[in-house]
Amino acid sequence: VAGDEKELRAPICCILGHVDAGKTKLLDCIRGTNVQGREAGGITQQIGATYLPAENIRDRTSLKAETAIKVPGLLVIDTPGHESFSKMRSRGLSMCDIAVVVVDITKGLEKQTVESLHLLRCHNVSFIVALNKVDRLYGWKECTNAPIVEALKKQSDDVKSEYKWRLTKVVTEFKENGFNTAPYYENNKKKKVVNIVPTSAESGEGVPDLLLLLVRWLPDIITDKLAYDDTIECTVLEVNEHKDLGTTVDVVLINGVLRQGDQVIVCTKQGPVTTIIRDLLTPHPMKELKAKGAYKHHKEVRAAQGVKIVARVSFISIAVPYEHGIHCQTIHCLFVFLQGLQYAMAGTSLIVVKPGDDLRQAEAAAMQE
Ligand code: GTP
Ligand code: NA
Ligand code: MG
């Protein structure tokens, strides 16, 4: 409810980790999608955004219907783990409230895991470790989507002992990097000791536990960050040319509300570009923003959400005034607008101009990286 002081927005959760640790696959397991299978070379090359409504999360956990979830949902940001995309990782992290660091249990901490830990410390962001690929332990007995403690009980002594020494090795490696960690089911100092959740993105063991920690425990420790407020905070992810929609700008709305008809400014290499929001699109819940698919249209969108913005200026709206004899120069200006938008720079802020705002000031704010 708007204006309610206790209203919390959806936390933004960034998924970080070394290449091929299973970040995208883990999200596919949660969403019931196959984004990873369609990536070129199985490598993520763009930041992704997926909204997970609280009710869908509840369905994947053992939470009873009467148990309240304090947040409306979770906006998950997938990042590339390949070493050449460090800029995207730090961009992803700069917009998030919490993070999940995915570690391959068969490999332990790797180069970009350590890089991620460094970023997390710099930004002072709380995180959970998903110790992924437990199904790769030799002789693992699959227990599809089971809570991890249940799944572990079903394993042979050999699997249990391999699990134990690999877990101990990972805990030691975290310690060497300055973090105290413990499996969450044995962790009674959750505020000081980082939780490890063993998972399999292949068969879903531990995924209910991970989701439960994200919606039940983390909002408590970051409540202040999640207080909803109207100040708009919005980061550009990428710009696309859509054959029907024209230039679209994918953004993560971190705080506030975007509305159709809002005048917005984006930062481009050529300077600030002003445009009007014609339409606001989101993928359906549990679907990836960057994956091509059906969109939902909205008059307004509340944070936190991944949004595809369609700008008002389009070839169609240019054709109409021309027939009414509009001056040639105006048309030229419209084309500059249209072209300018294509150069909106990833990682910069999208600024909304409110009535009475100083346009020059707003433009300057947009150009501040
Ligand atoms: P980048 O985005 O490129 O950094 O990789 P990623 O961390 O998103 O890993 P991705 O989801 O692409 O998974 C890498 C490979 O590991 C794929 O072949 C997945 O099928 C496989 N994989 C991921 N998670 C698991 C798991 O839990 N178990 C098994 N057996 N394979 C997994
Ligand atoms: Na990959
Ligand atoms: Mg990936």
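This report describes the sheet of a predicted model, two helices that pack on it, and the setting of one alanine.

The sheet is open and has seven strands, which follow one another in the order β2-β3-β1-β4-β5-β7-β6 with mixed pairing. Its edges are formed by β2 (48–53) and β6 (181–183), each of which pairs on one side only. On average, and with direction ignored, neighbouring strands of this sheet are turned by 25 degrees against each other.

Within the sheet, strand β4 (residues 98–104) runs parallel to strand β5 (residues 126–132), and the two pair over seven bridges. One residue pair can be named here, since the bridge partner of Val101 in β5 is Val129.

Two helices that pack on the sheet are set out below, each with the strands touched and the angle between the helix direction and that of one strand.

| Helix | Strands touched | Angle between directions |
|---|---|---|
| α3 (residues 86–94) | β1 (12–17), β3 (73–78) and β4 | about 155 degrees with β1 |
| α6 (residues 157–176) | β4, β5 and β6 | about 160 degrees with β6 |

Turning to the alanine, Ala146 lies in the loop that links β5 with α5 (148–153). Ala146 counts as buried because 20 other C-beta atoms lie within 10 Å, and the cut-off for a buried residue is 20 or more. When its neighbours within four places in sequence are left aside, Ala146 is in contact with Ala151 and Glu205. Leu27 stands 119 residues from Ala146 along the chain, and the C-alpha atoms of these two residues are separated by 16 Å.

Methods. Residues are numbered from 1 along each chain as its sequence is written. Chains are lettered from A and ligands numbered from 1 in the order in which they are written. This is a predicted model: local features need pLDDT of at least 70, side-chain atom pairs count only at pLDDT 80 or more; totals for chains, interfaces and linings use all residues. Two strands pair if DSSP finds at least two bridges between them. Helices (H or I, at least four residues) and strands (E, at least two) are DSSP runs, numbered from the N terminus. Axes are lines fitted to C-alpha atoms, for helices over the stretch in contact, and angles run from 0 to 180 degrees between N-to-C directions. Two residues are in contact if their C-beta atoms, placed from the backbone, lie within 7 Å. A residue is buried if 20 or more other C-beta atoms lie within 10 Å of its own, exposed if 12 or fewer, and partly exposed in between; C-beta atoms are placed from the backbone.
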